[in-house]
Amino acid sequence: MMNLDAIQLQLQDLSCKLNDAAKQDLHIALCLQQTIDSTSQTLDNLLAHASVNSALTLSDIRNTLINQLLDDPERHAEAADMLGALDRLDSHLLELSIMQDILPSFAYKETIQPLNQV
């Protein structure tokens with residue numbers, strides 16, 4: 001299981017690769033870029049929460065939030081919102097993984113044609 005820092009680096013790398021591939025597969029790239037943007041926004045929301053440490057894995061963060069729920073029932077809504085954000089992040093990461101596995105066209109393809117093909 002990756003920590004939030006590793007997820008953020010992976011999103012940045014994927015976004016850079018997508019910029020190269022977008023020249024050829026614009027309609028597919030737009031869908032992937034929207035998922036990357038949504039994942040980044042969810043990640044930023046999680047990192048803004050005071051009890052979330054970017055070095056923790058998603059399961060560690062989930063356990064911390066569940067313990068918060070048990071220890072401080074008055075903060076139930078806040079912890080429940082964060083658990084929902086973790087679920088969305090899991091969903092986005094799964095979607096990105098599936099898109100990368102199914103669509104190998106996101107590997108950069110050379111766009112320069114040989115000289116004899118005019």
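Helices (H or I, at least four residues) and strands (E, at least two) are DSSP runs, numbered from the N terminus. The model is predicted: local features need pLDDT of at least 70 and side-chain atom pairs count only at pLDDT 80 or more, whereas totals for chains, interfaces and linings use all residues. Residues are numbered from 1 along each chain as its sequence is written, and side-chain values use heavy atoms, with hydrogens and water left out.

**Exercise 1. Locate Asn3 and describe its surroundings.**

Step 1. Asn3 belongs to the segment before α1.

Step 2. Asn3 counts as partly exposed because its relative accessibility is 23%; buried means under 20% relative accessible area, exposed over 50%, and partly exposed in between (1.4 Å probe, protein chains only).

Step 3. A contact requires heavy atoms within 4.5 Å. With neighbours within four places in sequence left aside, Asn3 is in contact with Ser54, Ala55, Leu56 and Thr57.

Step 4. The C-alpha atoms of Asn3 and Ser59 are separated by 9.2 Å, and these residues are 56 residues apart along the chain.

Step 5. The side chain of Asn3 also reaches the backbone nitrogen of Ala6, at 2.8 Å.

**Exercise 2. Describe the overall fold and the confidence of the model.**

Step 1. The protein chain contains four helices and zero strands, in the pattern α-α-α-α along the sequence.

Step 2. Of the 118 residues in the protein chain, 31% are buried. The accessible surface is about 7500 Å², and carbon and sulfur atoms account for 55% of that surface; such areas come from the Shrake-Rupley method with a 1.4 Å probe, and for residues only the protein chains shown count as cover.

Step 3. Among contacts between residues at least 6 apart in sequence, 73% join residues at least 24 apart.

Step 4. The mean pLDDT (the predictor's confidence in each residue, from 0 to 100) is 76 for the protein chain, and 74% of the residues score at least 70. Confidence is lowest in α1, with a mean of 76, and highest in α3, at 85.

Step 5. Residues 107-118 have a pLDDT below 50, and this stretch has six contacts in the model beyond near neighbours in sequence. Where pLDDT is low, the predicted coordinates should not be read in detail.

**Exercise 3. Identify the largest nonpolar core and the helices that build it.**

Step 1. A nonpolar core is a set of buried Ala, Val, Leu, Ile, Met, Phe, Trp, Tyr and Cys residues joined through side-chain atoms within 4.5 Å.

Step 2. The largest such core has 20 residues, and those with the most contacts inside it are Leu4, Ile7, Leu58, Leu86 and Leu89.

Step 3. Two or more residues of this core come from each of α1 (4-21), α2, α3 (58-71) and α4 (76-102). Helix α4 gives the largest share, eight residues.

Step 4. Leu86 is in contact with Leu46, Leu58, Ile61, Arg62 and Leu65, its neighbours within four places in sequence being left aside.

**Exercise 4. Decide whether Thr39 is buried or exposed, and list what it touches****.**

Step 1. Thr39 is placed in helix α2, which spans residues 26-48.

Step 2. Thr39 is buried, because its relative accessibility is 0%.

Step 3. Residues up to four places away in sequence not being counted, Thr39 touches Leu11, Leu89, His92, Leu93 and Leu96.

**Exercise 5. Analyse the salt bridges.**

Step 1. Side chains of opposite charge can pair when their charged atoms come close. The criterion for a salt bridge is a side-chain nitrogen of Lys or Arg within 4 Å of a carboxyl oxygen of Asp or Glu, and the structure holds three salt bridges.

Step 2. Arg62 and Asp87 meet through their side chains at 2.9 Å, N to O. Arg62 lies in helix α3 and Asp87 in helix α4, so this pair ties together parts that are 25 residues apart in sequence.

Step 3. Arg62 also forms a salt bridge with Asp90, the closest N and O atoms being 3.2 Å apart. This pair links distant parts of the chain, since Asp90 is in helix α4 and Arg62 in helix α3, 28 residues apart.

Step 4. Asp90 is partly exposed, with a relative accessible area of 30%. Its contacts, apart from neighbours within four places in sequence, are Leu58 and Arg62.

Step 5. Arg75 forms a salt bridge with Glu78, the closest N and O atoms being 3.1 Å apart. Arg75 is partly exposed at 36% relative accessibility, and Glu78 is partly exposed at 32%.

Step 6. Salt bridges that share partners join Arg62, Asp87 and Asp90 into one network.

Definitions and conventions:
A polar contact is a pair of N or O atoms within 3.5 Å; within protein, one must be able to donate a hydrogen and the other to accept it, and residues adjacent in sequence count only if both atoms are side-chain atoms.
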